[in-house]
Amino acid sequence: MRIAVVTSLGIVNSVYRALPLRELQRAGTEVLVDDEGTAMVEGRLRGFDVVHVFRYHERETRRAIRALREGGTAIVWDNDDDFSGPNKLRSQQIHSQLVEMLQLAHVVTTTSSVLAEQYRGWGAGEVHVVENYLPDYYAAERPPHTDGLLIGWTAAGEHAYDLKHLRIRETLERLLAAHPEVRVASAGLQLNLPPDRYTYTEVVQYQQLARYVGAFDVGIAPIADIPFNRAK
């Protein structure tokens with residue numbers, strides 16, 4: 001069997017959604033990773049048995065997928081985030097694109113029952129929930145530290161709403177004031193806490209994330225009750 005994985009290595013989600021399909025290579029399956037979808041839109045994936053598309057839904061993608069499907073290729077489309085949002089016009093545009101993409105795919109995979117029901121309601125024929133799993137190297141040894149208790153948060157830009165509306169910065173400021181042994185670290189979002197008690201890291205590569213998080217004594221993952229987070 002020949003399988004093509006269409007993904008973008010610039011999206012960290014692809015590491016734990018699309019790239020695990022490479023494991024099929026160990027069982028003798030031919031797996032091609034199409035970075036940025038260039039091979040797909042250029043028509044170089046004809047003849048593959050299955051094309052697995054992570055997240056792409058733009059016009060060029062839909063045109064290429066339609067051609068592949070007409071040529072007898074099975075299409076799997078995968079996404080793990082809720083694309084609907086507060087921008088009504090943008091949401092309507094994305095909705096129409098997703099509806100067409102969902103109807104083109106033979107199978108749709110996603111991470112949560114919330115998204116699965118959303119996609120079924122938008123016309124997807126067959127939807128399966130496939131959870132995220134961590135690779136073996138996430139069992140990395142915890143790096144030692146002796147300077148107090150470290151509270152950590154890894155949060156990309158999508159968590160800016162949580163930071164503001166859950167008043168996370170204010171809560172951590174109170175903790176720092178009440179407990180001199182506490183320090184805080186964050187990756188992704190800048191919390192603007194006192195620099196003598198706080199360490200900010202702009203980017204942590206996925207391969208190093210386990211060791212970074214492993215240094216925390218307490219890891220937090222606060223999320224507000226909004227549609228985007230309910231779909232996680």
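Which residues do ring pairs link into a cluster? They are W77, Y119 and W122, and we will come back to them once the surroundings are in place. Keep in mind along the way that this is a predicted model.

Let's start with the whole chain. The protein chain contains nine helices and 10 strands, and its C-alpha trace spans about 65 × 45 × 25 Å along the principal axes. Of its 232 residues, 41% are buried. If you take the contacts between residues at least 6 apart in sequence, 65% of them join residues at least 24 apart.

A good place to step inside is strand β3, residues 50-54. Five of its five residues are buried, so β3 is largely enclosed by the rest of the structure. In a regular strand, side chains alternate between the two faces of the sheet. You can follow this along β3, where V50, H52 and F54 point one way while V51 and V53 point the other way, and all are buried.

Now look to either partner of this strand. Strand β1 (residues 2-7) runs parallel to β3 and is joined to it by four bridges; here V5 stands opposite H52. Strand β4 (residues 74-78) also runs parallel to β3, with five bridges between them. H52 serves as a handy landmark again, since its bridge partner in β4 is V76. To get from β3 to β4, the chain passes through helix α3 (residues 59-70), and this β-α-β crossover is right-handed.

Strand β4 brings us back to the aromatic residues. The structure holds four aromatic pairs. In one of them, the ring centres of W77 and Y119 are 5.8 Å apart and the planes meet at 70°, which makes the pair edge-to-face because planes over 60 degrees apart count that way. This pair links distant parts of the chain, with W77 in strand β4 and Y119 in helix α5, 42 residues apart. Both W77 and Y119 are buried. Y119 also pairs with W122: their ring centres lie 6.2 Å apart with planes at 55°, so this pair is tilted. W122 is buried, as is Y119. Y119 takes part in both of these pairs, and the ring pairs link W77, Y119 and W122 into the cluster we began with.

Just before helix α5 (113-121), in the loop that follows β5 (107-110), you will find S112. Is S112 buried or exposed? S112 is buried, with a relative accessible area of 6%, which falls under the 20% cut-off. Leaving aside residues up to four places away in sequence, S112 touches V129, A231 and K232. With A231 there is a polar approach as well: the backbone oxygen of A231 lies 2.7 Å from a polar atom of the S112 side chain.

Finally, turn to an open sheet of four strands, paired in parallel in the order β9-β8-β7-β10. Its edges are β9 (198-201) and β10 (218-219); each has a single partner strand, so one side of each is left without a neighbour in the sheet. Strand β7 (residues 149-155) runs parallel to β10 and is joined to it by two bridges, with G152 opposite G219 in β10. Helix α7 (residues 168-178) lies across β7 and β8 (182-188), and runs at about 155° to β8.

Conventions: Residues are numbered from 1 along each chain as its sequence is written. This is a predicted model: local features need pLDDT of at least 70, side-chain atom pairs count only at pLDDT 80 or more; totals for chains, interfaces and linings use all residues. Side-chain values use heavy atoms; hydrogens and water are left out. Buried means under 20% relative accessible area, exposed over 50%, partly exposed in between (1.4 Å probe, protein chains only). A polar contact is a pair of N or O atoms within 3.5 Å; within protein, one must be able to donate a hydrogen and the other to accept it, and residues adjacent in sequence count only if both atoms are side-chain atoms. Contact means heavy atoms within 4.5 Å. Two strands pair if DSSP finds at least two bridges between them. Axes are lines fitted to C-alpha atoms, for helices over the stretch in contact, and angles run from 0 to 180 degrees between N-to-C directions. A crossover is right-handed if, with the strands pointing away from the viewer, the path from the first strand over the helix to the second runs clockwise. Rings of Phe, Tyr and Trp (its six-membered ring) pair if their centres lie within 6.5 Å; planes under 30 degrees apart count as stacked, over 60 as edge-to-face and the rest as tilted.
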